[in-house]
Amino acid sequence: MARYLVVAHRTAKSPELARKLAELRSQDPEARFVLLVPAVPPAGWVYEEGEIQRRAKEEAEAAKAALEAQGISIEEAKPGDVSPILALEEELMAHPGEYQAIVLATLPPGLSRWLRLDVHSQAERFGLPVIHVIAH
């Protein structure tokens with residue numbers, strides 16, 4: 001029984017992510033998924049940390065509902081840091097040894113800020129397999 005850390009924001013409700021999670025569940029019927037939604041600050045330089053965390057929590061809950069509507073059970077949905085790598089690091093440090101893989105959902109190349117920041121490659125430093133899903 002594997003526990004997957006699913007990291008997504010704009011792609012969290014995507015059918016591509018739901019298909020990948022369904023595929024993982026078909027390989028391991030007892031697979032569990034935790035959804036981590038890094039916060040996204042509003043445009044500009046000034047924002048309140050509490051406000052973006054509140055928005056990220058709302059996004060996480062909405063994505064959980066959308067994935068569950070597509071038949072994917074989500075154990076927990078939680079907001080994370082503005083930096084997807086820091087959000088990953090904080091979650092993995094808070095729960096050492098609890099995850100067997102990271103599922104990272106991004107937009108396609110050219111549109112994805114996370115791909116430009118090389119999040120998919122940087123996530124490999126945590127020593128877990130990284131399953132990259134591109135949502136359109």
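Here a student and a tutor talk through how the terms for this predicted model are applied.

Student: What should I know before we start?

Tutor: Residues are numbered from 1 along each chain as its sequence is written. This is a predicted model, where local features need pLDDT of at least 70 and side-chain atom pairs count only at pLDDT 80 or more, while totals for chains, interfaces and linings use all residues, and side-chain values use heavy atoms, with hydrogens and water left out.

Student: How many helices and strands does the protein chain have, and in what pattern?

Tutor: There are 5 helices and 5 strands. Helices are DSSP runs of H or I with at least four residues, strands are runs of E with at least two, and both are numbered from the N terminus. Along the sequence they follow β-α-β-α-β-α-β-α-α-β.

Student: How do you know whether the radius of gyration of the protein chain agrees with that of a compact globule?

Tutor: The globule rule is 2.2 Å times the number of residues to the power 0.38, and the radius is taken over C-alpha atoms. For 136 residues a compact globule would come near 14 Å, and the protein chain has 14 Å, so the two agree. The C-alpha atoms fill a box of roughly 45 × 30 × 30 Å along the principal axes.

Student: What makes Leu-104 buried or exposed?

Tutor: Buried means under 20% relative accessible area, exposed means over 50%, and partly exposed lies in between, using a 1.4 Å probe and protein chains only. Leu-104 has a relative accessible area of 0%, so Leu-104 is buried. Its place is in strand β4. In the protein chain as a whole, 44% of the 136 residues count as buried.

Student: Which residues are in contact with Leu-104, leaving aside its neighbours within four places in sequence?

Tutor: Contact means heavy atoms within 4.5 Å. By that test Leu-104 touches Val-7, Trp-114, Val-119, His-120, Val-130, Ile-131, His-132 and Val-133. As for Leu-36, 68 residues from Leu-104 along the chain, the two C-alpha atoms are separated by 9.7 Å. Across the protein chain, 75% of the contacts with a separation of 6 or more are between residues 24 or more positions apart.

Student: What makes β1 and β2 a pair?

Tutor: Two strands pair if DSSP finds at least two bridges between them. Strand β1 (residues 3–7) and strand β2 (residues 32–38) have 5 bridges, in the parallel sense. One partnership joins Tyr-4 to Phe-33 in β2. The chain gets from β1 to β2 through helix α1 (residues 15–27), and this β-α-β crossover is right-handed. That word applies if, with the strands pointing away from the viewer, the path from the first strand over the helix to the second runs clockwise.

Student: How many bridges does β1 have with β4?

Tutor: β1 and β4 (residues 101–106) pair over 4 bridges, again in the parallel sense. Here Leu-5 has Ile-102 as its bridge partner in β4.

Student: Why is β1 called mostly covered?

Tutor: Of its 5 residues, 5 are buried. Arg-3, Leu-5 and Val-7 point one way, Tyr-4 and Val-6 the other.

Student: How do you know where on α3 the buried residues sit?

Tutor: In helix α3 (residues 84–94) they are Pro-84, Ile-85, Ala-87, Leu-88, Glu-91 and Leu-92. They cover an arc of only 160° around the axis, so they lie on the same side of α3. The arc is that of the directions from the helix axis to the C-beta atoms. Their cover includes β1, β2, β3, β4, α4 and α5.

Student: What makes Glu-91 and Lys-78 a salt bridge?

Tutor: The rule asks for a side-chain nitrogen of Lys or Arg within 4 Å of a carboxyl oxygen of Asp or Glu. The closest N and O atoms of Glu-91 and Lys-78 are 3.0 Å apart, which fits. Glu-91 lies in helix α3 and Lys-78 in strand β3, so the pair ties together parts 13 residues apart in sequence. Glu-91, at 7% relative accessibility, counts as buried, and so does Lys-78 at 13%. Lys-78 also forms a salt bridge with Glu-76, at 3.6 Å.

Student: Why are Glu-58 and Arg-54 said to be about one helical turn apart?

Tutor: They are 4 residues apart in helix α2 (residues 49–69), so about one turn separates them. An α-helix has 3.6 residues a turn, so residues three or four places apart point the same way. Their side chains meet in a salt bridge, at 2.3 Å from N to O. Glu-58 is partly exposed at 45%, as is Arg-54 at 40%.
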